[in-house]
Every structure is written in structure tokens, then in C-alpha cells.
Amino acid sequence: MPVLTAPATATAPALRLRPWSAADAAALAEVCPYEDLSTGPHDAAALPAWLRTQEEGWEREDRFGFAILERDGAGERLVGHVLLKDLAPPQAEVGYWTTRAARGRAVAPRAVEAVTGWAFATRGLTRLHLLHQEDNTASCRVAEKSGYAFSRVLPAFPPAFPRDGHLHVRHLTA
């Protein structure tokens, strides 16, 4: 299983990205009830199934979820999730979430960049998508910082996507 890294910035430590495991339940439980995670588990009862989904994705090689960990003086702490999903080579989708404490410190763009590089180098992909709701300006900035160009507005598709969204695309460059 791969372990990816993202460099430190002037204001934030380096990141380590690794596949999720059942051992992450306690750390995930600390952030889940208090975070507004649109794509993660929403409460402690959902944790085991969500973690199993992450592990099964690796086994099937069709969904690659990474825990984003940040090292500080006390050790590592969970600061988010990034994944590669909906693989339909030569393309796939990148998604992510970060904890409130991690926001504004370039955690998401660095993690997205690490997974993007891994996807292009190891999965035979040449095009990646990043989608977000149209009113999510923070995710728009993450896409731009990660080199994903705005492609178009996607119409709402309730119930899964109740609002219009943005499609950002990044291509493998030779």
C-alpha cells in the first residue's frame, strides 16, 4: 500500500497520506461528530462501515482513500481525507475533506497534488476531475491551487447533488 507525502509550508507541517484502516476509528470519531463532512461518515455509528468501504476500495482497486496526517510535536493527527474514485481509465475523480482545524493551511491542495501525481504515475490515468458545489468557494480555490482548471458548471442533480456544481479538470502533461 502506498504512503504519499506532501511537503511542509512556511506555516504548516509536512503531510503523510496513507490508506485508511480500522485502527483509524478513534481518530476519525474525534472529528466526525463535530465536522461538516459532506463526503465522510457523519457520526460514530457510521464509522465502521465507512472504514470498511475505504479498505474494500483498495482491495478491489476501484477506490483509493487516504487518511491525511499531519505531524506535530505530539505525534501525528488526522487532518483530512483524499481519494481517487470513479475510475474509468483514462480518467477518474479526486475528492477530499479536511477538518476545521486544518482549513486555511493548504492541507487540501497539498494532499490533492500528492494524490494527483500518484494517480498519473501509477494508475494509467491521463485526466482527473474535481467537482464541488458552485457556492463552495474554498473548494474552488483548492482546485485552482492544485492545477485543476475550471471546465464548466454542472446542473443540479437531486437528491445526490441538490445544487449546481463546478467541474475542474487536470490533464497529464507529457
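Here are four exercises with worked solutions on the sheet, a helix, the cores and the salt bridges of this structure.

The model is predicted, so local features need pLDDT of at least 70 and side-chain atom pairs count only at pLDDT 80 or more, while totals for chains, interfaces and linings use all residues. Residues are numbered from 1 along each chain as its sequence is written, and side-chain values use heavy atoms, with hydrogens and water left out.

**Exercise 1. Trace the sheet**

Task: Find the order of the strands in the open sheet, and work out which strands sit at its edges.

Solution:

Step 1. Start from the elements: helices (H or I, at least four residues) and strands (E, at least two) are DSSP runs, numbered from the N terminus. Two strands pair if DSSP finds at least two bridges between them.

Step 2. Read off the order. The open sheet has 8 strands, arranged as β1-β2-β3-β4-β5-β6-β8-β7, with mixed pairing. Its edge strands are β1 (4-6) and β7, each of which pairs on one side only.

Step 3. Follow the antiparallel pairs. Strand β2 (residues 15-19) is joined to β3 by 5 bridges, and Arg 16 has Leu 69 of β3 as its bridge partner. Between β3 and β4 there are 9 bridges, again antiparallel, with Arg 71 partnered by Glu 76. From β4 to β5 the count is 7 bridges, also antiparallel, and Leu 84 is matched with Val 94.

Step 4. Look at the turns. A hairpin through 2 residues joins β3 to β4, and β4 and β5 form a hairpin with 2 residues between them.

**Exercise 2. Sort the faces of α4**

Task: Which residues of α4 are buried, and how are they placed around the axis?

Solution:

Step 1. Apply the cut-offs: buried means under 20% relative accessible area, exposed over 50%, and partly exposed in between (1.4 Å probe, protein chains only).

Step 2. List the buried residues, which are Ser 139, Cys 140, Val 142 and Ala 143. They lie on the same side of α4 because they cover an arc of only 160 degrees around the axis; the arc is that of the directions from the helix axis to the C-beta atoms.

Step 3. Turn to the other side of α4, where Thr 137, Glu 144 and Lys 145 are exposed.

Step 4. Ask what covers the buried residues: the cover includes β5, α3, β6 and β8.

Step 5. Check what comes after the helix. α4 is followed by Gly 147, with a positive phi near 80 degrees.

**Exercise 3. Explore the cores**

Task: Find which element gives the largest share of the largest nonpolar core.

Solution:

Step 1. Set the rule. A nonpolar core is a set of buried Ala, Val, Leu, Ile, Met, Phe, Trp, Tyr and Cys residues joined through side-chain atoms within 4.5 Å.

Step 2. Take the largest core, which has 30 residues; Leu 17, Phe 66, Ile 68, Val 82, Leu 84, Val 112 and Leu 128 have the most contacts inside it. Two or more residues come from each of β1, β2, β3, β4, β5, α3, β6 and α4.

Step 3. Name the main contributor: α3 provides the largest share, 9 residues.

Step 4. Zoom in on Val 112. Not counting residues up to four places away in sequence, Val 112 touches Val 82, Val 94, Tyr 96, Leu 130, Val 142, Ser 146 and Tyr 148 (contact means heavy atoms within 4.5 Å).

Step 5. Note the second, separate core of 11 residues, which includes Trp 20, Val 31, Leu 69 and Leu 78.

**Exercise 4. Follow a salt bridge**

Task: Where in the chain do the partners Arg 105 and Glu 70 lie, and are they buried or exposed?

Solution:

Step 1. Use the criterion: a salt bridge is a side-chain nitrogen of Lys or Arg within 4 Å of a carboxyl oxygen of Asp or Glu. By this rule there are 9 salt bridges.

Step 2. Check the pair. Arg 105 and Glu 70 form a salt bridge at 2.8 Å, N to O. Arg 105 is in the loop between β5 (91-98) and α3 (107-122), and Glu 70 is in strand β3 (residues 64-72), 35 residues apart.

Step 3. Classify both partners. Arg 105 is buried at 17% relative accessible area, and Glu 70 is buried at 1%.

Step 4. Widen the view: Glu 70, Arg 77 and Arg 105 are linked in a network of salt bridges.
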